[in-house]
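Here are my notes for you, written as a few numbered points. Keep the structure open while you read, and find each residue as it comes up.

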Amino acid sequence: FMFDGLYKVIELDISGNMIREIEFEAFNGLFNIQRLSLFENKLEFIEKESFKHLNSLKVLFLDENKIRELKDLTFFYLKYLIQLSLMHNKIQFISSKAFSGLFNLRTLRLDNNLIKSINKFILQDLKNLSGLYLYENQISSLDVDAFKSLVNLDSLVIIDNCLTKIK
């Protein structure tokens, strides 16, 4: 594996490349990595086990890619993740279990995507989330209970969307 044996690396920045996919166990060997940046690549999707061995990861930047959807359990193995940024992608669909297991997540950035709705199941595991940023999407509907489980939320930004009614 490309990164095998790099036990001391705590930050990896592979932004501005042409990465289209992350193969299974691609990051094997990066046991101590805490910050991973994949800005400005060509990623269109993320497989469930792409980040499987990144047990210490706290910050993940996936901004400015071409990701269209977030499938069930996409980030499941990232138990200690506190910040996840998916800004400036083409996300249209978020599975109800895409963020399952992210119990320590504090900041979620989904700005500048093509998201049309948020249902109550998408955010249900994010009990420690304090910042949720959804500006410049196409959100026209929010489930009545979409934010109910976010008991620690202190910053919610839904600027420049398509909301027409608040229930």
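1. Let's start with a quick one: does Leu73 count as buried, partly exposed or exposed? Keep in mind that you're looking at a predicted model. Leu73 has a relative accessibility of 27%, so it counts as partly exposed. The cut-offs behind that label are under 20% for buried and over 50% for exposed. You'll find Leu73 in the loop between E4 and strand E5, which covers 83-85.

2. Now check the backbone at Leu73. Its phi is near 60°, a positive value in a residue that isn't glycine. That deserves a second look because most residues other than glycine have a negative phi.

3. Glu64 belongs in your notes as well. Here phi is near 55°, again positive and again not in a glycine. Glu64 sits in the loop between E3 and E4. With 37% relative accessibility, Glu64 counts as partly exposed.

4. Stay with the loop that runs from strand E3 (59-61) to strand E4 (69-70), since Arg68 is found there. Arg68 comes out as partly exposed because its relative accessibility is 45%. Which residues gather with Arg68 in a patch of positive charge on the surface? They are Arg20, Lys66 and Lys90. Try colouring these residues by charge, and the patch should be easy to pick out.

5. Next up is Ser95, in the loop between strand E6 (93-94) and strand E7 (107-109). This one counts as buried, because its relative accessibility is 9% and the cut-off for buried is under 20%. What does Ser95 contact once you leave aside its neighbours within four places in sequence? The answer is Leu70, Lys71, Asp72 and Ile122.

6. Last, have a look at His53, placed in the loop between strand E2 (35-37) and E3. At 21% relative accessibility, His53 counts as partly exposed, given that buried means under 20%. Not counting residues up to four places away in sequence, His53 touches Glu25, Asn28, Leu30 and Phe31. You can also check a distance here: the C-alpha atoms of His53 and Ile33 are separated by 9.8 Å, and the two residues are 20 apart along the chain.

Technical notes:
Residues numbered from 1 in each chain as written. Predicted model: local features only at pLDDT ≥ 70, side-chain atom pairs only at ≥ 80, totals over all residues. Heavy atoms only, no water. Helix = DSSP H or I, 4+ residues; strand = E, 2+ residues; numbered from the N terminus. Buried < 20%, exposed > 50% of the residue type's maximum accessible area, 1.4 Å probe, protein only. Contact = heavy atoms within 4.5 Å. Patch = residues over 30% accessible without salt bridge, like charges linked within 9 Å, V, L, I, M, F, W, Y side chains within 5 Å. Areas by Shrake-Rupley, 256 points an atom, 1.4 Å probe, with all protein chains shown as cover. Salt bridge = Lys/Arg side-chain N within 4 Å of Asp/Glu carboxyl O. Lys, Arg positive; Asp, Glu negative; His and termini not counted. Charge placed at Lys NZ, Arg CZ, Asp CG, Glu CD.
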